[in-house]
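Let's go through a model together, one feature at a time. Have the sequence and the 3D view open while we talk.

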Amino acid sequence: MTPPDTESLRLLVGVAELGSIGAAAAELHISQPAASKRLSRLERQLGLPLLQRTRQGCTLTPAGTMVCDWARQVLAHIDGLMSGVRALRAQQKSTLRVAASMTIAEYLVPRWLARLRTALPDVHLELDVTNSAAVAEAVRHDNADIGFIETPQPPDGVSVRYVTRDHMIVVAPPGHPWTRLRRPLTPTELAATPLIVREHGSGTRETLHRALTDTGTEPVTPLLELRSTTAVRNSVVAGAGPAALSVLAVATDLAEHRLVEIPVADLDLRRPLHAVWRAGLRLTGSAAALLAIATRTD
C-alpha cells in the first residue's frame, strides 16, 4: 500500500473540522470537484470508506474518524519537520560569529571560511581574532557562536571538539649564535634565554611555558612581549631575537632562509587545536557546518 499524500490527509482533517468538502476545499485553495476526486482516491487507496456524504454535507465514518486522528498526528510531525527546516535555513542565512586565536585565524580559518562561503553563500561571517583565553570567554558569554583555540589543555565551561594538531618550533634569525651550534639546544638553555613571546592568555605562550616546565625548567623574563603572531615573527626576522612559533607561521620564512629552525632536545612543542562553543549547546546551521569543515583531514 502506498502511503497517502499529505494534502489528501489535510483535506480529510478539514472535512472533519469544517463539516463539508466545499469548506475544506476553500480552506486549502482548491476547487470542490478536485477535492472530491482527491478524497475518493484516498478512500480507494486505503480500501476504507472514510466519508458519509449527504445533502447536508459530509460526516466521517467510524473508520474515517480513526484515520483522521492518525492523520492529525502525522501532519503535526510533518509541520514540526518543516518548521525546523525553515528555522535551520534562517539560521544559515543569519550572522555566524567566529572567534579564533591568532595562529589559527591567520593560517587555517581563511581556508575554512572560504569553504563555508561556497556551501552557504548567504551566511554573513564575523571573525574576531584574539588570544585563546579571550576566545573561550567570548564563547562562554555568547559573544561568539564558535571559537578555535590552541591551548594545550582545553578550558573549562565550554564544549570542546578536537580539530587538528599543530607543531611549534624554535626559530632564530640567520647569524644568531644558536644557528652555529652543532648539537640541539637543551631545554635549560632555551629557558634561560630571553625570548620574544606572545602575551599572557596566548596558546602559543602557554604551550611553550608548559613544555619547558614539564622538563623541570622555568622560563626567564621575556625579551619582548607582543600581541600577535605576526608581530613576533616580524621581530625575529628583523633580528631582535629567537622565539617559539607555529610551523604554520614560519614555513615560508624557513623555505626562503629568513629564519632558521633551532632543534631543541627533549622538548615536546606539539599542541592540539580545538573548536569550542557554549557548554550544553548543540551546534546547528552554519556553526555546525563550519565545525564539519574544520575537522576534515583534507
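Q: What comes right after α10, and what is its phi?

A: α10 is followed by G239, and the phi of that glycine is positive, near 95 degrees. A word on what we're looking at: this is a predicted model, where local features need pLDDT of at least 70, side-chain atom pairs count only at pLDDT 80 or more, and totals for chains, interfaces and linings use all residues. Residues are numbered from 1 along each chain as its sequence is written, and side-chain values use heavy atoms, with hydrogens and water left out. Helices (H or I, at least four residues) and strands (E, at least two) are DSSP runs, numbered from the N terminus.

Q: Which residues other than glycine have a positive phi here?

A: Start with the general idea: most residues other than glycine have a negative phi. Two cases to look at are D142, with phi near 60 degrees, and H257, with a positive phi of about 65 degrees. D142 sits in the loop between α7 and β5, and H257 in the loop between α11 and β10 (260-262).

Q: Are D142 and H257 buried or exposed?

A: The cut-offs are these: buried is under 20% relative accessible area, exposed is over 50%, and partly exposed is in between (1.4 Å probe, protein chains only). At 36% relative accessibility D142 counts as partly exposed, while H257, at 64%, counts as exposed.

Q: Back to α10: which of its residues are buried, and where do they sit around the axis?

A: In α10 (residues 229-237), the buried ones are T229, V232, R233, S235 and V236. They cover an arc of only 160 degrees around the axis, so they are on the same side of α10. The arc is taken over the directions from the helix axis to the C-beta atoms. What covers them includes α5 (102-107), β6 (158-172), β7 (196-198), β8 (224-226), β9 (243-246) and α11 (247-255).

Q: How do I read α3 in that way?

A: Begin with its span: the expected value is 1.5 Å times one less than the number of residues. α3 (residues 32-46) has 15 residues and reaches 21 Å from first C-alpha to last, close to the 21 Å expected. Its buried residues are A35, L39, L42, E43 and L46. Seen down the axis they fall within an arc of 100 degrees, so they line one face of α3. On the other side, P33, K37 and R44 are exposed.

Q: What happens at the ends of α3?

A: At the start, a side-chain oxygen of S31 comes to within 3.2 Å of the backbone nitrogen of A34. That fits the rule for a polar contact: a pair of N or O atoms within 3.5 Å; within protein, one must be able to donate a hydrogen and the other to accept it, and residues adjacent in sequence count only if both atoms are side-chain atoms. After α3 comes G47, with a positive phi near 70 degrees.

Q: E43 is a glutamate on the buried list; what is around it?

A: E43 counts as buried because its relative accessibility is 14%. A polar atom of its side chain lies 2.8 Å from the backbone nitrogen of L50. Leaving aside neighbours within four places in sequence, E43 is in contact (heavy atoms within 4.5 Å) with L48, P49, L50, L51 and R53.

Q: Now a strand: which residues of β5 are buried on each side?

A: In a regular strand the side chains alternate between the two faces of the sheet. In β5 (residues 146-149), I146 and F148 are buried on one side, G147 and I149 on the other. Strands pair if DSSP finds at least two bridges between them. β3 (residues 95-101) runs parallel to β5, with three bridges, and A99 has G147 as bridge partner. β11 (residues 270-278) pairs with β5 in the antiparallel sense, over three bridges, and F148 stands opposite A275.

Q: Which residues have the most contacts inside the largest nonpolar core?

A: In soluble globular proteins, nonpolar side chains tend to be buried together. A nonpolar core is a set of buried Ala, Val, Leu, Ile, Met, Phe, Trp, Tyr and Cys residues joined through side-chain atoms within 4.5 Å. The largest has 32 residues, and W112, I146, F148 and L290 have the most contacts inside it. α12 gives the most to this core, with five residues. Apart from it lies another core, of 20 residues, among them L11, L12, L39 and L51.
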